[in-house]
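Here is a short briefing for a reader new to this structure. Take a look at the sequence and the model before reading on.

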Amino acid sequence: MSTLKLYRHPLSAHSHRAELLLSLLGVDAEIIDVDLMKGEHKSESFLKMNPAGQVPVLVDNGTVVNDSNAILVYLATHYANGTNFYPNDAVSIANVQRYFSAAAGPIASGPAAARLVTVFGASLDAEQAIDTAHAVLTKFEADLEGNNWLVGNAATLADIATYAYIAHAPEGNVDLAKYPNVRAWLTRIEALDNFVPMVSSPVGLAA
Ligand SMILES: N[C@@H](CCC(=O)N[C@@H](CS)C(=O)NCC(=O)O)C(=O)O
C-alpha cells in the first residue's frame with residue numbers, strides 16, 4: 001500500500017505534471033480527485049493542506065508538498081529509483097529552474113489561461129492569453145532547434161513541467177501548427193516509457 005497521496009483534478013495540467021512523473025518513476029500513489037466545481041479545494045480540511053486552495057497537493061506519510069513544480073523536485077529527488085529527471089550539476093539545475101519559471105510564468109498566463117477561458121469559462125482576456133502563448137511557443141520552438149529535450153540530452157523535470165499545458169494548448173484555441181520542433185518534442189515525451197496522458201477537456205465544462 002502506497003504512503004503517497006496525490007490530490008488532483010483530472011483536467012488540471014498542474015496536477016498532470018505530478019501524475020506523469022509518478023508514472024515515469026514507477027511510483028504508486030493514491031489519486032484523490034478534488035471537485036473544483038463544488039469548491040472542495042476551498043474547504044477547511046483542504047486549506048489546512050494547501051492554504052492557497054489549489055491542486056495539486058502531495059502528501060507523503062505526513063509530509064505535505066504544495067505547488068506542482070515543488071512536487072516534481074520532491075518526487076524526482078526522493079523517489080529517483082535510478083532515474084535522473086532532476087540532474088545534479090549546477091548548470092542543468094539552473095536550466096531546469098528557468099523552465100519552472102516559464103511554467104509558472106508565461107505558460108500559466110498564456111496557454112493555461114487561454115484553456116481556462118474555453119474549458120472552465122474563466123473571465124480572462126483570451127486574446128492576450130493566446131498572444132502570450134504564441135510568444136512562449138516561439139521561444140520553445142527556438143530552444144528545441146537541434147535539441148531533443150529542453151535541458152541536456154534526456155527528459156528532465158523541465159520537459160515534465162511544461163508538457164501538459166503546451167500539449168493541450170489547442171483546447172484554448174492556441175494552434176501548434178507553426179511549431180514543428182515543439183510538436184516533435186511533445187511526441188518524444190509521449191513516447192517515454194510509462195507516459196500517461198491527461199484526459200482531453202470537453203470545451204465549455206463550466207457552462
Ligand atoms: N502554482 C500552483 C498553481 C496550481 C493551480 O493553478 N491549480 C489550479 C488547477 S490547474 C487550481 O487549483 N485552481 C483553483 C483555484 O485557484 O482556486 C502549482 O504549480 O501547483
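The points below cover aromatic pairs, one helix and a pocket.

This is a predicted model. Four aromatic pairs occur in the structure. Tyr 99, Phe 140 and Trp 185 join in one aromatic cluster. The largest pocket holds about 620 Å³ of space.

**The aromatic cluster**

- Start with Tyr 99 and Phe 140, whose ring centres are 5.5 Å apart. Their planes stand at 85 degrees, and over 60 counts as edge-to-face, so this pair is edge-to-face.
- This pair links distant parts of the chain. Tyr 99 sits in helix H4 (residues 90–104), and Phe 140 sits in helix H6 (residues 126–143). The two residues are 41 residues apart.
- Is Tyr 99 buried or exposed? Tyr 99 has 3% relative accessibility, and buried means under 20%, so Tyr 99 counts as buried.
- Phe 140 has a relative accessible area of 1%, so Phe 140 is buried by that cut-off.
- Phe 140 also pairs with Trp 185. The ring centres of Phe 140 and Trp 185 are 5.9 Å apart, and the planes are at 65 degrees, so this pair is edge-to-face too.
- Trp 185 belongs to helix H8 (residues 180–190), while Phe 140 lies in H6. The pair therefore ties together parts that are 45 residues apart in sequence.
- Trp 185 is buried, as is Phe 140.

**The buried side of H8**

- Which residues of H8 are buried? They are Asn 181, Val 182, Trp 185, Leu 186 and Ile 189.
- These buried residues cover an arc of only 140 degrees around the axis, so they lie on the same side of H8.
- H6 and helix H7 (157–167) are among what covers the buried residues of H8.
- One link between H6 and H8 is the pair of Phe 140 and Trp 185.

**The largest pocket**

- The lining of the largest pocket consists of 26 residues. Nearest its centre lie Ser 12, His 14, Gln 54, Val 55 and Tyr 165.
- Which elements give two or more residues to this lining? They are helix H1 (13–25), helix H3 (68–78), H4 and helix H5 (106–120).
- H5 supplies the largest share of the lining, with five residues.
- Sorted by class, the lining has 13 nonpolar, nine polar and four charged residues.
- H4 appears in two of these topics: H4 holds Tyr 99 of the cluster, and H4 gives two or more residues to the lining of the largest pocket.

Definitions and conventions:
Residues are numbered from 1 along each chain as its sequence is written. This is a predicted model: local features need pLDDT of at least 70, side-chain atom pairs count only at pLDDT 80 or more; totals for chains, interfaces and linings use all residues. Side-chain values use heavy atoms; hydrogens and water are left out. Rings of Phe, Tyr and Trp (its six-membered ring) pair if their centres lie within 6.5 Å; planes under 30 degrees apart count as stacked, over 60 as edge-to-face and the rest as tilted. Helices (H or I, at least four residues) and strands (E, at least two) are DSSP runs, numbered from the N terminus. Buried means under 20% relative accessible area, exposed over 50%, partly exposed in between (1.4 Å probe, protein chains only). On a 1 Å grid over the protein atoms alone, a cavity is a set of points where a 1.4 Å probe fits but cannot get out, and a pocket is an open set with protein on both sides within 12 Å along at least five of seven lines; lining residues have an atom within 4 Å of a point. Grid points are joined across faces, edges and corners, and a volume is the space filled by probe spheres set on the points. Ala, Val, Leu, Ile, Met, Phe, Trp, Tyr, Cys and Pro count as nonpolar, Asp, Glu, Lys and Arg as charged, and the others, Gly among them, as polar. The arc is that of the directions from the helix axis to the C-beta atoms. Contact means heavy atoms within 4.5 Å.
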